[in-house]
Amino acid sequence: MRCREIGPGFVAQVTDLDLTRPVTALQYGQLNRWLDQYLVLVMPRQALTESQQIDFSALFGPPSERSRPQDQRVEQSPFAHLIGVVTNVRDNGQPIGSLPDGEMWFHHDGCFIERPYRATVLRAVQVTSTGGETLFVDMRQVYESLPAALRAATVGRSAVHVFDYRTLNQQPDPAMDLSRVRHAVHPAVIQHPRSGAHALYVNPLCTVRFIGMPVDESQALLHELTTAILQSSACYRHRWDVDDLVIWDNWASCHARTDFPSGEVRMLRRSIVSGQPLEPALSQ
């Protein structure tokens, strides 16, 4: 099993590992250490079944049941409560999977629940000729790059996060009725539960507002922070190949999706590793 860095300090490719075979205790420990170190692990040529993908996810923690109702799967699967299909395929005009089309802004998976996911696993089943790429940003590096005054204004604050599946590329309305969507409150700067690193935990798609701030001040602070995310040099663009398997840390990275041709099929299988409540960074 080999690991080499392929991104700006937080992405690595793992090769010489066949995940259709049992993982040894040594490999298990090393994979967890690499995920904590790099945040994003790319593993090409992993033609896994749904059951094998769940087994892989379980190396990093208990697989999480999906937060949405089951997809209208073309083939009924005993693993539909643990494996989601991310695809633009439709049956009688209705998407058979979740998150079907177009661009999707930067976000943390599960930031709108009380125990945000540790990690997400995606395996590419069908890919488009262009577009449909996944962008990743290292939120540890984003935090470290903030000017001292901006860090001071952010540490110790908490923010409200929502996720409305009808709006995947626009910032949520700070005056929205939270009773109509799933939402949760988390520290704006967290201490990573495993590595102890400080990471910014806000994002353009899901963060609505900061607690205890006037709306205009909250929006101004959020604008500065999301600008830092969008302009960060700590960004990696993954162009998918069939059978690519990618796992990423949801606590210290966020991700986005680029648009792709509507007439082509994009299909990925998605599984989730359960998480825990996030603790605030206590100092700068």
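This report describes two helices, the nonpolar cores, several paired strands and one arginine in a predicted model.

## Helix H1 and its surroundings

Helix H1 covers residues 25-38, and its 14 residues reach 20 Å from the first C-alpha to the last, close to the 20 Å expected at 1.5 Å a residue. The residues of H1 that are buried are Gln27, Gly29, Leu31, Asn32, Trp34, Leu35, Asp36 and Tyr38, a list in which polar side chains such as those of Gln27, Asn32 and Asp36 appear beside Leu31 and Leu35.

These buried residues pack against a set of strands, namely E1 (2-5), E2 (11-15), E3 (40-43), E8 (119-126) and E16 (245-249), and also against helix H3 (139-145). Just after H1, the backbone at Leu39 takes a positive phi of about 85°.

## The nonpolar cores

The largest nonpolar core has 55 residues, and those with the most contacts inside it are Val40, Leu200, Val202, Phe210 and Ile229. Helix H5, residues 215-230, gives the most to this core, with five residues. Apart from it lies another core, of 19 residues, which includes Val14, Leu31, Ala119 and Val121; Leu31 is also one of the buried residues of H1.

The surroundings of Val202 can be followed residue by residue. Leaving aside neighbours within four places in sequence, Val202 is in contact with His108, Met139, Ala159, His161, Ala188, Thr207, Phe210, Leu222, Leu225 and Ile229. Of these contacts, Leu222, Leu225 and Ile229 are among the buried residues of H5.

## Helix H5 and its two sides

The 16 residues of H5 should span 22 Å at 1.5 Å a residue, and the end C-alpha atoms of this helix are indeed 22 Å apart, which agrees. Ser218, Leu221, Leu222, Leu225, Thr226, Ala228 and Ile229 are the buried residues of H5. Seen down the helix axis, the buried residues of H5 fall within an arc of 150°, so they line one face of the helix. On the other side of H5, Asp216, His223 and Leu230 are exposed.

## Strand E10 and its partners

Strand E10, residues 158-162, is mostly covered, with four of its five residues buried. E10 is joined by five bridges to strand E11 (residues 183-187), and the two run antiparallel; in this pairing Ser158 stands opposite Pro187. Strand E14 (residues 207-210) also runs antiparallel to E10, to which it is joined by three bridges, and here Val160 stands opposite Arg209.

## A four-stranded open sheet

Four strands form an open sheet in the order E7-E17-E9-E15, with antiparallel pairing. The edge strands, each pairing on one side only, are E7 (104-107) and E15 (235-238). Direction ignored, neighbouring strands of this sheet are turned by 15° against each other on average. Within the sheet, strand E9 (residues 134-138) and E15 pair in the antiparallel sense over four bridges, and the bridge partner of Val137 in E15 is Cys235.

## Arg269 in strand E18

Arg269 lies in strand E18, residues 267-273. Not counting residues up to four places away in sequence, Arg269 touches Leu48, Thr49, Glu50, Gln53, Ile83, Gly84, Val121, Leu122, Arg123 and Val125. One of these, Val121, belongs to the core of 19 residues. The C-alpha atoms of Arg269 and Pro172, which are 97 residues apart along the chain, are separated by 27 Å.

Note on methods: Residues are numbered from 1 along each chain as its sequence is written. This is a predicted model: local features need pLDDT of at least 70, side-chain atom pairs count only at pLDDT 80 or more; totals for chains, interfaces and linings use all residues. Side-chain values use heavy atoms; hydrogens and water are left out. The expected span of a helix is 1.5 Å times one less than its number of residues. Buried means under 20% relative accessible area, exposed over 50%, partly exposed in between (1.4 Å probe, protein chains only). Contact means heavy atoms within 4.5 Å. A nonpolar core is a set of buried Ala, Val, Leu, Ile, Met, Phe, Trp, Tyr and Cys residues joined through side-chain atoms within 4.5 Å. Two strands pair if DSSP finds at least two bridges between them. Axes are lines fitted to C-alpha atoms, for helices over the stretch in contact, and angles run from 0 to 180 degrees between N-to-C directions. The arc is that of the directions from the helix axis to the C-beta atoms.
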